[in-house]
Amino acid sequence: MATTTKRHDWADDEDVDEVSTDLPPPQTLTNKDGTKTIISYRYNDEGQKVKTTRRVRYITHTEKVNPRVAERKAWGKFGDSARDPAGPAPDTTTVGENIIFRPSVNWRKDQKEEDKDPNAQAMKDKLKDKKVKCRICNGEHFTARCPYKDTMAPADEAAAAAADLAGGMGDEPAAPAAGGVGAKKGSYVPPALRGDRAGTAAGERLGSKFGERDDLATLRVTNVSEMAEEQELRDMFERFGRVTRVFLAKDRETGLAKGFAFISFADREDAVKACNKMDGFGFKHLILRVEFAKKAA
Amino acid sequence: MRPVLLAGHERALTQIRYNLDGDLIFSTAKDQHICAWYAHNGERLGTYHGHVGAIWTVDVDPTSTMIASGSADNTMRLWDVKTGKNLKTWEFPTAVKRVEFNEDGTKLLGVTEKRMGYLSNIVVVDINPDVNAEQSDEKILTIVCDESKATVAGWSYLSKFIIAGHEDGSVSQYDAKNGDLLYNVSVHELNTPVTDLQWSNDRTYFITASKDKTAKLITAKDLEVLKTYVSDTPLNSAAITPKKDFVILGGGQAAMDVTTTSARQGKFEARFYHKIFEDEIGRVRGHFGPLNTVAADPTGKGYASGGEDGYVRVHMFDKGYFDFMYEVERDRQNRL
């Protein structure tokens, strides 16, 4: 049995010719944990001195092979590779990206289920002829592109949900089917169907933009002066309780307020108080009008 | 696992072979040279020049001293593995589509194409295992395939039979001594060519791949179909893995249809099936063209695949591959 040790790798070679005399010599320190620290100096393209510190662990990998195999490893190269140095030549040999390959009994079954998943297929079919619908004005564009998005509150949530149902997502036979969609791994589930939506009250859906605004503790303030600042509004409303969010609509170009704002309170009680007190309040030569962003339904 | 990509060819791969010790890989493509590679790191040992046409096939003898190749330039050539020297050239009237050494490396068969009025032949020549010896010109056996042309062929155990796969989807067994046709069995669908034939370690059974989207495990002795592996794409190649009871299938839609579909739909993946249970247990993606050839490392450590994209990808299996067992297999192991 013959043994072969790992050949010297060309990638470990240092560029010797770039080291000039006024650079400190490279240092090699042996660490306690068996690794080596190599500190080398060089000049970069802009003439700056660069210090490179590398920690390297050398592992000698010994492999016992058949003597015939060992002999073949020492063969000289020929043909197109005759002039290649020892070791893999980078122009012919590269290492590919990592591939995870785990044989599994259920591989095919999983795949089949995914293909056959009736919900996914049904959803695709239904979405095929579904048109984009704005939640604010019901026009044929995305809500974000709505020309009224800054001046109108979204259409009634309940109505929107009904529209969704009509649009086709909701007419699954029963609520558990929707839950089943959420549970299926790997396939895309629209945010609206994630979790047990059927049993969720409007107030429990956090995170979504409209969900928060339509929370029962949000006030709509209109007839706000052009000169108003968010901080001023916050100061005014903070008197009634903790304010979680202040939104003052501003013109993108001029930076002036557009005349309306939304104030969200942490507590609905405070919001009610604020609504009563601030409606009709004079603020910068205009009289504010304060109402709930959404009528309590 | 991180595959090693071998970019030694400019055109579509046609065949990959490991040598018996599993340390060298030979690859042929439609460009006109053969490449030899070290299997452990993908370093190219050398190239073999001399053919003046697309090379269809390569095989290495059991001692890894000589390789044989067949080409569209109507020649079959013998090469010295170590130096890349062309040792012998046999001329034929048509292209050579398949070559294979017998178990002890003393005989070599070649399959010639049916073209220009010539029928497809299986030709056998004697090989002198000494590299420096003069090789004989004489064809010791010629089998004429007059019914349907042979696409692949190989030597069974003890060089007893020559097994050939045909264009019409049938497999035949010939006596290797006198060339008599012993059996002809239609195993694949009618008129779906058998695209590959690879042997088990002991050459008592073999696997065939066909354009009818199935691969079959067949005994050499009486051509009994033991197992059928059904896939969803035309197959170009199939290999039996040593150590683990798996088979690897390679295929994908025909090269001419590739541009019209996405890589995902093209099904350019190596498929692993359990040899006994016939279930598909996984796929390895990576190529961006159909797989023309797959080869299993005789030591069982890895496999290589060559695609229409011109790359050879050499894979070394992870632990998960070796640990995989069916429940019944595990039970049996625990009882022993």
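**Exercise 1. Describe the surroundings of B:H274, beginning with its side-chain polar contact.**

Solution. The side chains of B:H274 and B:E329 are joined by a polar contact of 3.4 Å; a polar contact is a pair of N or O atoms within 3.5 Å, where within protein one must be able to donate a hydrogen and the other to accept it, and residues adjacent in sequence count only if both atoms are side-chain atoms. The model is predicted: local features need pLDDT of at least 70 and side-chain atom pairs count only at pLDDT 80 or more, while totals for chains, interfaces and linings use all residues. Side-chain values use heavy atoms, without hydrogens and water, residues are numbered from 1 along each chain as its sequence is written, and chains are lettered from A and ligands numbered from 1 in the order in which they are written.

Next, place the residue: B:H274 lies in strand β24 (residues 270–274) of chain B. Helices (H or I, at least four residues) and strands (E, at least two) are DSSP runs, numbered from the N terminus. Then take its accessibility: B:H274 has a relative accessible area of 1% and is therefore buried, where buried means under 20%, exposed over 50% and partly exposed in between (1.4 Å probe, protein chains only). Last, list its neighbours. Leaving out residues up to four places away in sequence, B:H274 touches B:Y229, B:D245, B:F246, B:D279, B:I281, B:F324, B:Y326 and B:E329; contact means heavy atoms within 4.5 Å.

**Exercise 2. Work out how β8(B) is covered and how it pairs with β7(B) and β9(B).**

Solution. Start with burial: six of the six residues of β8(B) (residues 75–80) are buried. B:T75, B:R77 and B:W79 point one way, and B:M76, B:L78 and B:D80 point the other way.

Now the pairing, for which DSSP must find at least two bridges between two strands. β8(B) is antiparallel to β7(B) (residues 66–71), with five bridges, and B:M66 stands opposite B:D80. Three residues lie between these strands in their hairpin, where B:N74 has a positive phi near 65°. Five bridges also join β8(B) to β9(B) (residues 86–91), again antiparallel, with B:R77 opposite B:T89. That hairpin has five residues between the strands, and B:G84 takes a positive phi near 80°.

**Exercise 3. Characterise the interface between chain A and chain B.**

Solution. Count the residues: 34 of chain A are in contact with 46 of chain B. The buried area is about 3700 Å², 54% of it from carbon and sulfur atoms; this is the accessible area (1.4 Å probe) that the two parts lose on being put together, summed over both. A:F78, A:I99 and A:F101 supply 22% of the area that chain A buries against chain B, more than any other three residues.

Then the polar part. Four salt bridges are counted between the chains, each a side-chain nitrogen of Lys or Arg within 4 Å of a carboxyl oxygen of Asp or Glu. In one salt bridge, the side chains of B:E43 and A:K77 meet at 3.0 Å, N to O. Finally, look for strand pairing across the chains: β6(A) and β1(B) (residues 4–6) are antiparallel over three bridges, and A:V95 has B:V4 as its bridge partner.

**Exercise 4. Is A:H285, a residue with positive phi, buried or exposed?**

Solution. Phi of A:H285 is about 60°, although the residue is not a glycine. A:H285 sits in the loop between β10 (282–283) and β11 (286–287) of chain A. Its relative accessibility is 72%, so A:H285 counts as exposed.
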